[in-house]
Amino acid sequence: MRSDNAIGPSRTGVRVVKKPSYVVDQSRLQRFDVRNTVFERITWDSSWKGHKQMYDERLLDTVAEGKCGYSRVDVALTCASWIVHDAFEGGFSWKKIEIQRTPRGSLGIDWTKTTCEVNDTRKMSVCVKRAARLFGASLIGICKLNRDWLYTGIEIPDEFQNVIVMAIEMDLDGIGTSPTALAAAATGVGYSKMAFTLASMGEFIRNLGYEAIQCGNDTALSVPIAIDAGLGELGRNGLLITPQYGPRVRLCKIFTNLPLQLDKPIEFGVKGSCKKCKLCAKHCEAHAISVEDDPSFTVICQSNNPGALKWYVDAEKCYLYWCENGTDCSTCIKVCPYNIASGRKTDLSSKEFWGT
Ligand code: SF4
Ligand code: SF4
């Protein structure tokens, strides 16, 4: 059965289930302290090797070495890919976005002042998903906010009961060149698209008279929320595996008080596949992904959040590899068998990417 949040290529064998497929031990589970992500730890954790190491520090040397996939042109593309994400603060706004010019298409009416009554939550969910698709989301799911997934110190008012979770597909060819700068460009485009989609969706909800908190990787853990919303399952590589694109998506979410019909979680056999497949672990240059047959509750490093039964990824080793590589890596996305697109090639050279 295909879940009704699915957009794009479908996969057979997807079942809608009552409970999310992850297993948590409530006695060990705690809200994640965002200061423990490697990106935060580089700023404060002097006990860690990655302290003050920026992963693009080596990029100039790498370009000078003339390595394939790290040319001047390739790197120009990577930097360009992030521009909307980095320059447009409104993408991650928690409030109506202030604009300097006269707003278009609104006759100057402030639609946020009146509330659009919702008599049929199913219909409103359909409208929200259609809007999200118009604004660039590849997959959309809706779930109740589980406050266990909020980062420590984050308080979201009680009336924000629902989360709209959106997955943005990343370019197959770009990711296929991982770990080059071209794969990093595919990631950057994912983040820039996220800013556009979030901003447009947040404004849509506010124009209906409700509130919207737009988030990327900030504020709460995206993967378990996406599982709650029926977008996929957790993979050995620590990423959300979707039936449509595998792990080749970026995730963003909107917390809202808009009344909506919720989606149910899905299962399509990821846990069983990951037990045997191990391709992401075999291809990871950093040996950051577990090769154990079974998931466990044992964390590997300070950047893991305890309490979930999973294959914990050594985020420290992963980040140090990025530093060595001079740019970020998506190899555990590229090699995943769920990363499929109508039989197209998923491993490309930079020449093949550019078509030169
Ligand atoms: S991003 Fe690259 S280095 Fe990090 S876990 Fe995945 S394959 Fe390994
Ligand atoms: S590559 Fe294989 S083991 Fe890794 S996440 Fe994908 S299916 Fe699971």
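Trainee: Which helix gives the most to the shell around ligand 1?

Mentor: Helix H11 does, with 3 residues. Helices here are DSSP runs of H or I with at least four residues, strands are runs of E with at least two, and both are numbered from the N terminus. This is a predicted model: local features need pLDDT of at least 70, side-chain atom pairs count only at pLDDT 80 or more, and totals for chains, interfaces and linings use all residues. Residues are numbered from 1 along each chain as its sequence is written, chains are lettered from A and ligands numbered from 1 in the order written, and side-chain values use heavy atoms, without hydrogens and water.

Trainee: What makes a residue part of the set around ligand 1?

Mentor: One of its heavy atoms must lie within 4 Å of the molecule. The residues around ligand 1 are Cys284, Ala286, Ile289, Cys318, Tyr321, Trp322, Cys329, Thr331 and Cys332. H11 (residues 315-325) and helix H12 (331-334) each supply at least two of the shell.

Trainee: Why is the pair of Tyr55 and Trp322 called edge-to-face?

Mentor: Rings of Phe, Tyr and Trp (its six-membered ring) pair if their centres lie within 6.5 Å; planes under 30 degrees apart are stacked, over 60 edge-to-face, the rest tilted. Tyr55 and Trp322 are 5.3 Å centre to centre with 85° between the planes, so both tests are met. A search of the whole structure finds 10 aromatic pairs.

Trainee: What does the pair of Tyr55 and Trp322 tie together?

Mentor: Parts that are 267 residues apart in sequence, because Tyr55 lies in the loop between helix H1 (38-44) and helix H2 (59-65), and Trp322 in H11. Both residues are buried. They belong to one aromatic cluster with Phe39, Trp48 and Tyr319.

Trainee: Why are Phe353 and Trp354 called partly exposed?

Mentor: Buried means under 20% relative accessible area and exposed over 50%, with partly exposed in between (1.4 Å probe, protein chains only). Phe353 has 23%. Trp354 has 36%. Each value falls in between, so the label follows.

Trainee: How do you know that Arg41 sits over the ring of Trp48?

Mentor: NZ of Lys or CZ of Arg must be within 6 Å of the ring centre and within 35 degrees of the ring normal. Arg41 lies over the face of Trp48, at 4.9 Å from the ring centre, so the distance test is met. The charged end of Arg35 sits over the ring of Trp44, 4.4 Å from its centre.

Trainee: How do you know that strands E2 and E3 pair?

Mentor: Pairing needs at least two DSSP bridges between the strands. E2 (residues 139-144) and E3 have 6, in the antiparallel sense, so they qualify. Leu139 stands opposite Ala167 there. E3 and E7 (residues 249-256) also run antiparallel, joined by 8 bridges. E4 and E7 have 4, again antiparallel.

Trainee: What makes E2 and E4 edge strands?

Mentor: The open sheet has 4 strands in the order E2-E3-E7-E4. E2 and E4 (212-215) each have a single partner strand, so one side of each is left without a neighbour in the sheet.

Trainee: Why is E3 called largely enclosed?

Mentor: 7 of the 8 residues of E3 (162-169) are buried, so the rest of the structure largely encloses this strand. Helix H5 (residues 121-134) lies across E2 and E3. Helix H7 (residues 181-207) lies across E3, E4 and E7.

How values were computed. Contact means heavy atoms within 4.5 Å. Axes are lines fitted to C-alpha atoms, for helices over the stretch in contact, and angles run from 0 to 180 degrees between N-to-C directions.
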